[in-house]
Amino acid sequence: MAPHDHDHDHHHDHGHGSELSETQLRVRALETVLTEKGYVDPAALDLIIETYETKVGPHNGARVVAKAWSDPAFKRALLEDASAAVRTMGHESRVGDHLVAVENTPQLHNMIVCTLCSCYPWEVLGLPPVWYKSAPYRSRAVKDPRGVLADVGIKLSKDTQIRVWDSTAETRFIVLPMRPAGTEGWSEERLAQLVTRDSMIGTGLPKKPEEVA
Amino acid sequence: MDGVHDMGGMDGFGKVEPEPNEPPFHARWEGRVLALQRSMGYAGAWHIDNSRAAQELLPPPVYLTASYYQRWALAMERNVIERGLAGPDELAAGHALRPGKPLKRKLTPEVIKEGLTRGSFYRQAQAPARFKPGDRVRTRNIHPPTHTRLPRYARGRVGTVELVHGCHAFPDAVATDRGDDPQWLYTVVFESRELWGPDADPTLKVSIDAFEPYLDPA
């Protein structure tokens, strides 16, 4: 599995199927050996992949945020103990014990990173995007978060305090973004459409009301 | 270990470039790698910190150029071999040549819900917590050659305890097969100037989650 064997992080498998890369062959060998040894069940592997492809994703976190925007008691519970609060919502990938929700305010913007590897709140956001796991984000988020935000087109007021949470243990963080103005009286379902993945990482903001139907 | 994985504060890696409409996996084998990792973890073959440690031991040029799931696969091969779960000859052959070793349990479709639930890292406290929110602490200036979760940019720095997360399995011990060695875990927040010097953005604060052995009273 030499690194040059793989184009880079944006490699796509176009399914031509004629030429198997060294990586594909090595992963296939690993799976076959672990299966024949009796350690893993290929049917369970299929279900895990299906779960992360179709069931667990940022829509889970968007429901949490929309509920917090709509229900002050839930918001208090979420900020007090996010694991317990999210557990009441019955997500597909059930939340563990160590989720913490951090609230954005007009004075404070929160951002989440894992400088050491790729820790990310899978239960509520699904699998992390490539950029979150990449060297540019991991290196700069803790030192130059405004530069990172500029890369993705976000400019905060120079007076806004920025708090970066480096996920160095098993605690996982989710940002509770600010509810956009002009959404008074919206249902939770409608509000959830405004909540982007990146707004829950802190590298984006929720959509504006006019951006959703 | 002081490896290239410990990236916080390094310069020169370039811009953050999101990919529009990014799929969960960019190739079928990536999903297989993730699912294998999850299954072997459920089976008790190794802990997540063993997996992280094995990635950190990749030579720096490999770590920096391999894709994310390639790193996972390389780390998995290392753990499989080091723990005697399969031999290099078997991985090369692409087939088992000997029977497997007994593992704690097996992830099957019947228990998939349990397998997809994140495990708890809480452990029984061995002593009262040494620190409380508001306490000033200094992180230790440690450089263990083995796995640690105290990033270099936050060593020897003074910060404030903000949250107490309970008592957790200690990665530095788990990764070196010394058991859970439970330790109190704290969110410690630092002023940007403490980390990055007088020219740092004064509106920035950065926190890490620090295990008690990383901390002294300040």
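A charge counts as sitting over a ring when NZ of Lys or CZ of Arg is within 6 Å of the ring centre and within 35 degrees of the ring normal. In this predicted model, Arg163(A) fits that picture: its charged end sits over the ring of Trp165(A), 3.7 Å from the centre. Here's a quick tour of that and of the nonpolar and aromatic parts.

**Charges over rings**
- Besides Arg163(A) over Trp165(A), there's Arg71(B), which lies over the face of Tyr63(B) at 4.1 Å from the ring centre.

**Nonpolar cores**
- The largest nonpolar core takes in 111 residues, and those with the most contacts inside it are Tyr52(A), Leu78(A), Tyr137(A), Leu34(B) and Tyr69(B).
- Helix H1 of chain B (residues 28–42) gives the most to this core, chipping in seven residues.
- Leu34(B) touches residues of chain A, including Ile48(A), Tyr52(A) and Leu127(A), and also Phe25(B), Tyr69(B) and Trp72(B).
- There's also a second, separate core of five residues, among them Ala135(A), Leu58(B), Tyr63(B) and Leu74(B).

**Aromatic pairs**
- A search of the whole structure turns up 16 aromatic pairs over all chains.
- Tyr52(A) and Trp122(A) make an edge-to-face pair, 5.3 Å centre to centre with 80° between the planes.
- Tyr52(A) is in helix H2 (residues 42–55) of chain A and Trp122(A) in helix H6 (residues 122–125) of chain A, so their pair ties together parts 70 residues apart in sequence.
- Both Tyr52(A) and Trp122(A) are buried.
- Trp131(A) and Tyr137(A) have ring centres 5.0 Å apart and planes at 85°, so they're edge-to-face too; both are buried.
- Ring pairs also link Tyr52(A), Trp122(A), Phe25(B), Tyr68(B), Tyr69(B) and Trp72(B) into a cluster.

Definitions and conventions
Residues numbered from 1 in each chain as written. Chains lettered and ligands numbered in written order. Predicted model: local features only at pLDDT ≥ 70, side-chain atom pairs only at ≥ 80, totals over all residues. Heavy atoms only, no water. Core = buried A, V, L, I, M, F, W, Y, C linked by side-chain atoms within 4.5 Å. Buried < 20%, exposed > 50% of the residue type's maximum accessible area, 1.4 Å probe, protein only. Helix = DSSP H or I, 4+ residues; strand = E, 2+ residues; numbered from the N terminus. Contact = heavy atoms within 4.5 Å. Phe/Tyr/Trp six-rings, centres within 6.5 Å; stacked < 30°, edge-to-face > 60°. Lists of a residue's contacts leave out its neighbours within four places in sequence.
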